[in-house]
Amino acid sequence: MDWIITVALFCSVLKAAVGFNVDSGAWKTLTENDESFGYQVVQRQSDLLVSATLLQYEGNKTGRIYRCNTGGSCRNLVALEQRAAVNMSLGLEMANDPSTQSTMVCGPTIPRECKTITMYNGLCFEIDRSNTFVKSYPSATEECPQTDIAFLLDGSGSVAPSDFSRMKEFVKNMIRLFLGRDTQFAITQFSSSPITHYYFNTFRTFNWESQINNIRQFGGGTNTARAIQNVV
């Protein structure tokens with residue numbers, strides 16, 4: 001994860017419409033004891049797949065997929081529940097391929113507690129027409145990444161020396177928060193042109209505050225766009 005830190009209105013018109021040539025046939029009602037039942041529905045040749053994305057089971061799993069037949073009865077797909085991850089909201093997205101009758105069932109809210117942040121990953125499970133598990137996409141969730149934080153300081157003449165000192169204090173406070181948490185830091189200052197004082201691989205965590213205190217303000221013009229491009 002890379003961070004760079006720099007120091008509708010909608011209108012809708014609803015029109016009433018009268019429908020003709022609509023044959024309702026015999027209505028069937030599908031029910032399960034969960035308010036999220038029916039969040040996503042996939043129609044297949046002989047049945048329906050219905051998701052209940054908020055349903056919680058086994059303590060910390062969320063999201064259950066049901067197969068509902070033409071008679072109106074529904075049964076949960078145990079094959080998916082055995083592979084479901086913690087709090088993944090399984091069934092938040094579902095899609096069916098009519099040519100193969102394979103269905104993709106996705107849960108995008110799998111949390112992973114990393115040292116600096118909580119990451120949310122997702123998994124999609126492919127099942128065939130007989131509801132047999134085929135493959136997971138991706139095969140596993142991502143590991144915690146190293147976090148890179150790049151600071152970009154405005155050292156131009158438009159910034160008062162006292163404000164430049166405040167910027168450096170902000171940088172030091174941020175580093176204190178993340179130091180020792182699989183995080184790297186880089187510091188660049190710009191005026192007419194950018195100069196990188198410390199790259200990710202040259203910023204030393206030993207006696208790091210003095211490195212920041214020794215940064216002197218450049219003065220001169222203010223070329224912000226060039227500085228951002230340089231840091232990116």
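**Asking why in a predicted model**

Student: What makes cysteine 106 and cysteine 124 a disulfide?
Tutor: Their sulfur atoms are 2.0 Å apart. The cut-off is 2.5 Å, so the pair counts as a disulfide. Keep in mind that this is a predicted model.

Student: Which parts does that pair tie together?
Tutor: Cysteine 106 is in strand β7 (residues 102-113) and cysteine 124 is in strand β8 (residues 118-127), so the link ties together parts 18 residues apart in sequence. Both cysteines are buried. The two are also bridge partners across the strands, with cysteine 124 sitting in β8.

Student: And how many disulfides are there in the structure?
Tutor: There are 2. The other case is cysteine 68 with cysteine 74, again with S to S at 2.0 Å, so it passes the limit of 2.5 Å too. Both of these cysteines are buried as well.

Student: What is the handedness of the link between cysteine 68 and cysteine 74?
Tutor: Right-handed, with 110 degrees about the S-S bond. For cysteine 106 and cysteine 124, the link is right-handed with 110 degrees too.

Student: Why are β7 and β8 called paired strands?
Tutor: Pairing takes at least two bridges, and β7 and β8 have 9, so they qualify, in the antiparallel sense. Strand β6 (residues 93-97) meets the requirement with β7 as well, through 5 antiparallel bridges. In that second pairing, methionine 94 stands opposite valine 105 in β7.

Student: What goes on in the hairpin of β6 and β7?
Tutor: There are 4 residues between the strands, and glutamine 101 takes a positive phi near 60 degrees.

Student: There's a 4-stranded sheet as well. Why do β2 and β5 count as its edges?
Tutor: The order is β2-β3-β4-β5, an open sheet with antiparallel pairing. β2 (37-43) and β5 (74-76) each have a single partner strand, so one side of each is left without a neighbour in the sheet. On average, neighbouring strands here are turned by 30 degrees against each other, direction ignored.

Student: What makes β3 and β4 a pair in that sheet?
Tutor: Strand β3 (residues 48-57) and strand β4 (residues 61-68) share 7 bridges in the antiparallel sense. With at least two needed, they count as a pair. Glutamine 56, for instance, stands opposite threonine 62 in β4.

Student: Arginine 64 is in β4. Why is arginine 64 called buried or exposed?
Tutor: Buried. Its relative accessible area is 18%, and buried means under 20%, so arginine 64 makes the cut.

Student: What makes the link between arginine 64 and glutamate 81 a polar contact?
Tutor: The two side chains meet at 2.6 Å, and the limit for such a pair is 3.5 Å, so the distance fits. Not counting residues up to four places away in sequence, arginine 64 also touches several others, including Val50, Tyr57, Asn76 and Leu90.

Student: Which residues touch the most other members of the largest nonpolar core?
Tutor: Among them are Phe37, Ile65, Tyr66 and Val105, in a core of 23 residues. β2, β3, β4, β7 and β8 each give two or more residues to this core, and β3 gives the most, with 5. Leaving aside neighbours within four places in sequence, the contacts of tyrosine 66 include Phe37, Leu48, Leu55 and Cys74. Another core, of 17 residues, lies apart from the largest one, with Phe151, Leu153, Ile175 and Ile212 among its members.

Notes:
Residues are numbered from 1 along each chain as its sequence is written. This is a predicted model: local features need pLDDT of at least 70, side-chain atom pairs count only at pLDDT 80 or more; totals for chains, interfaces and linings use all residues. Side-chain values use heavy atoms; hydrogens and water are left out. Buried means under 20% relative accessible area, exposed over 50%, partly exposed in between (1.4 Å probe, protein chains only). Axes are lines fitted to C-alpha atoms, for helices over the stretch in contact, and angles run from 0 to 180 degrees between N-to-C directions. A nonpolar core is a set of buried Ala, Val, Leu, Ile, Met, Phe, Trp, Tyr and Cys residues joined through side-chain atoms within 4.5 Å. Contact means heavy atoms within 4.5 Å. A polar contact is a pair of N or O atoms within 3.5 Å; within protein, one must be able to donate a hydrogen and the other to accept it, and residues adjacent in sequence count only if both atoms are side-chain atoms.
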